[in-house]
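Here's a friendly walk through one protein chain, one region at a time. Keep the structure open and find each spot as it comes up.

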Amino acid sequence: MDTSSQEGGRIRRQVLRLERWALKLLAVTNRLRLPGPSVLPVAGAVVGLYSGLAAGLFANLIALVSGLVLGFPRLMDGREALTRAFSEARWHSEYLIVGGTLGLGALVLARIILPGGPRDEVKRRLEVLGLLVLGALSLYYPLVAMTVVNAVLGQHEDVGRSIQRVQPWLLPLLPMVGGLVVGRVLYKHPETHGHGVPEVVKAVEREGRLSGRDGLLKLVASAITIGTGGSAGREGPIVFGGAAFGSEVGRTLGFTRRELAILLASGAGAGIAASFNAPIAGALFAMEIILREFQLRVFSPIILASVTATMVGRGVMGDAAMIRRVTYSMVSGWEIVFYGLLGLVTGLLAYAFIRLMHGLEELFHGKKPGRVSAWLGRRPLPLRAALGGLLVGCMALVHPVVWGTGHEYINEAAVRELSLTLLATGCVLKLVGTSLTLGSGGSGGTFFPMTVMGALAGGAFGEVLHALAPGITAPSGAYAMVGMGGAVAALTRGPLTGLMMVYELSGNYAIILPLMVTCTLASALCHALVERRAGIDPHALRRMPVRSLVAWMEPVGPDLPAPALRERLLTAPVAALPVRGADGQLLGVVTASTLGERWRQAEGESGVAALVDLVRPVSPDTPVGEALATMDTQLVDALPVQGDGQVGVVTRAGLERFLRGELLKPRAEPAFSPTEIPR
């Protein structure tokens, strides 16, 4: 009996201990808070999952349309080939284990938390994130199976060989039919017109929204355009789709407008990362071109989105490099001069493409003088797109690089399999064909075609140079790879994106110096030409008052505790707060960049007093240039603004974003700017 009593007492004590632990766990979960800034990196990673899925789905849709148009070359290979392909596919069961655990864990945690007050927001965010992770898993494995089937049917082989099976008289008709179908699809959805990236840039600048339905519709329309032979790229629609999904997720999670803009950029960068299998370039694309800032708080969601998108993209589409790993290096110091010249060539090439692209858009929309433009402008979109497709199909009879994305010819240029004639004519025809496809109303991006043009132009430049000076120059393949980066940098005005993209695709560190020179000069030249054409005066912009750029808000007091200050900073519309002294006068500003060494000091003191940057307020009529100069002099990143009975702040990032945005804004007669430039 004594032994039984002791055993019963021991069990009761263990039960009580477990109850205490359960109560403590319940208390901890009920104190859990998930403010927007803390959820943003996780949301970025989830958006990356769906951007990678969108990239894989888009590639398979293009393969499916292409198979229906050109035929499935290995349709009769049999069940054995399909079985072998399924057994060799990379299913990544670890994704199921990790993703399933995280998704189910979030749902279980949401069920444990008691409802009421701020806990309702925590429960909702956990449920949304958990369901999204499980949804991504449910889509991933069917998409891998679809990729395996397409590979078995032969829809990943060279397009040049595929179109050789088509009768020559039929080749011009296929893009025409594709244009007709796309025109019908987009006819009643004008919000889906455009090339993808410019629409995302505008949405981020206005901290606006994109529709997930429009993103899906754009993917389908672009797959039809490319699959039927239209000369367009696949990255623009994926960027748009990823950003649109990021917008939908951000709105569902209740993010602020600023957090929504960061999530839009995360989805866009993830689309590039998955499309090119280049995660660093995708992250740089989001920060340099979409968001146009490199602040610390945007790093985590953008980088995590690029990582998860690349992992999913590799699982669906494989991890093979787009460019064959051919090693080139600088032969002599003279080549730096030659690569500088290549930068000027690719800068001019990108500018010529921009001019032709917009010129044809105006022609097909009836905005050019003359009867032809007026006649085209009166025709419905399906007819205009069909006419453009017919012309592109005729050009494909001359050179197959015009058909689809044409990215297969990057490798042929990199390994010197194309003659000088094919390189030069391919570059010109690709430029005209892409302009016709998109200018007439087709759907797609121009990032991919621009890489092809840059590779062909660089290869032609290298062939001529190597023939003239073979002892001091590398083979033309090196110039083809560097030209690819220069063309992308010039088109996007993003030298870091162009540089890192080619470096990641080639894996060749030896060409990093040529890439730096070419990308910088190409970007600078194209930017200068665009500014000159648009008639923009940067000095006049710096004389504009900061009034419209001020974030008006209630100032904080010097005695605000550090935890409360941190919460205000993380939820503020900008990363700064004005500080008012005990006498009612503005003391200065406190910025999110102080959340570091000085923050630990503030936690032991009064809070704001240890963090405030003492600087005199400026008026709303202060010129932008003067405000930036004051920040440089005072070594601060924000200024308090006082006037019209209001108090606010203006930040360095906001002013610089305004200057860049004004330089990129569409203007009358004529307008060529990165917010309009097709990617």
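## A hole inside

The largest cavity holds about 80 Å³ of space. Of the 14 residues lining this cavity, Pro175, Gly179, Thr225, Gly389 and Thr437 are the closest to its centre. With a cut-off of 30 Å³ or more, the count is one cavity. Keep in mind that all of this describes a predicted model.

Which helices each supply at least two residues of the lining? They are helix 7 (173–186) and helix 16 (381–398). Sorted by class, the lining of the largest cavity has ten polar and four nonpolar residues, with no charged residues.

## The chain as a whole

Now zoom out. The chain has 679 residues, and 55% of them are buried. Along the chain you can pick out 27 helices and six strands.

How do the contacts spread along the sequence? Take the contacts between residues at least 6 apart in sequence: 78% of these join residues at least 24 apart. As for the outside, the accessible surface adds up to about 28900 Å², and carbon and sulfur atoms account for 62% of that.

## A three-strand sheet

Next up is an open sheet of three strands, with the order 2-3-4 and antiparallel pairing. Its edge strands are strand 2 (576–580) and strand 4 (613–614), each of which pairs on one side only. If you're wondering what holds a sheet together in general, its strands pair through backbone hydrogen bonds, in either a parallel or an antiparallel way.

Look at strand 2 and strand 3 (residues 586–591): five bridges link them in the antiparallel sense. You can trace the pairing residue by residue. Leu577 has Val590 in strand 3 as its bridge partner, and Pro578 stands opposite Val589 in strand 3. The two strands form a hairpin with five residues between them, and Gly584 in the turn has a positive phi of about 90 degrees.

Is strand 2 largely enclosed or largely open? Four of its five residues are buried, so strand 2 is largely enclosed by the rest of the structure.

## A second hairpin

Further along, strand 5 meets strand 6 (residues 646–651): the two run antiparallel and are joined by six bridges. One pair to look for is Gln642 with its bridge partner in strand 6, Val647. Strand 5 and strand 6 also make a hairpin, this one with two residues between the strands. In its turn, Asp644 has a positive phi of about 60 degrees.

Why is strand 5 (residues 638–643) described as largely enclosed by the rest of the structure? Because five of its six residues are buried. Here, "buried" means under 20% relative accessible area.

## Two loop residues with positive phi

Finally, visit a couple of loops. Arg416 is not a glycine, yet its phi is positive, at about 60 degrees. You'll find Arg416 in the loop between helix 17 (408–414) and helix 18 (420–439). Its relative accessibility is 38%, so Arg416 counts as partly exposed.

Leu635 is another residue other than glycine with a positive phi, near 60 degrees. Leu635 lies in the loop between helix 26 (624–634) and strand 5. Is Leu635 buried or exposed? With a relative accessible area of 75%, Leu635 is exposed, since the label applies over 50%.

Definitions and conventions:
Residues are numbered from 1 along each chain as its sequence is written. This is a predicted model: local features need pLDDT of at least 70, side-chain atom pairs count only at pLDDT 80 or more; totals for chains, interfaces and linings use all residues. Side-chain values use heavy atoms; hydrogens and water are left out. On a 1 Å grid over the protein atoms alone, a cavity is a set of points where a 1.4 Å probe fits but cannot get out, and a pocket is an open set with protein on both sides within 12 Å along at least five of seven lines; lining residues have an atom within 4 Å of a point. Grid points are joined across faces, edges and corners, and a volume is the space filled by probe spheres set on the points. Ala, Val, Leu, Ile, Met, Phe, Trp, Tyr, Cys and Pro count as nonpolar, Asp, Glu, Lys and Arg as charged, and the others, Gly among them, as polar. Buried means under 20% relative accessible area, exposed over 50%, partly exposed in between (1.4 Å probe, protein chains only). Contact means heavy atoms within 4.5 Å. Accessible areas come from the Shrake-Rupley method with a 1.4 Å probe; for residues, only the protein chains shown count as cover. Two strands pair if DSSP finds at least two bridges between them.
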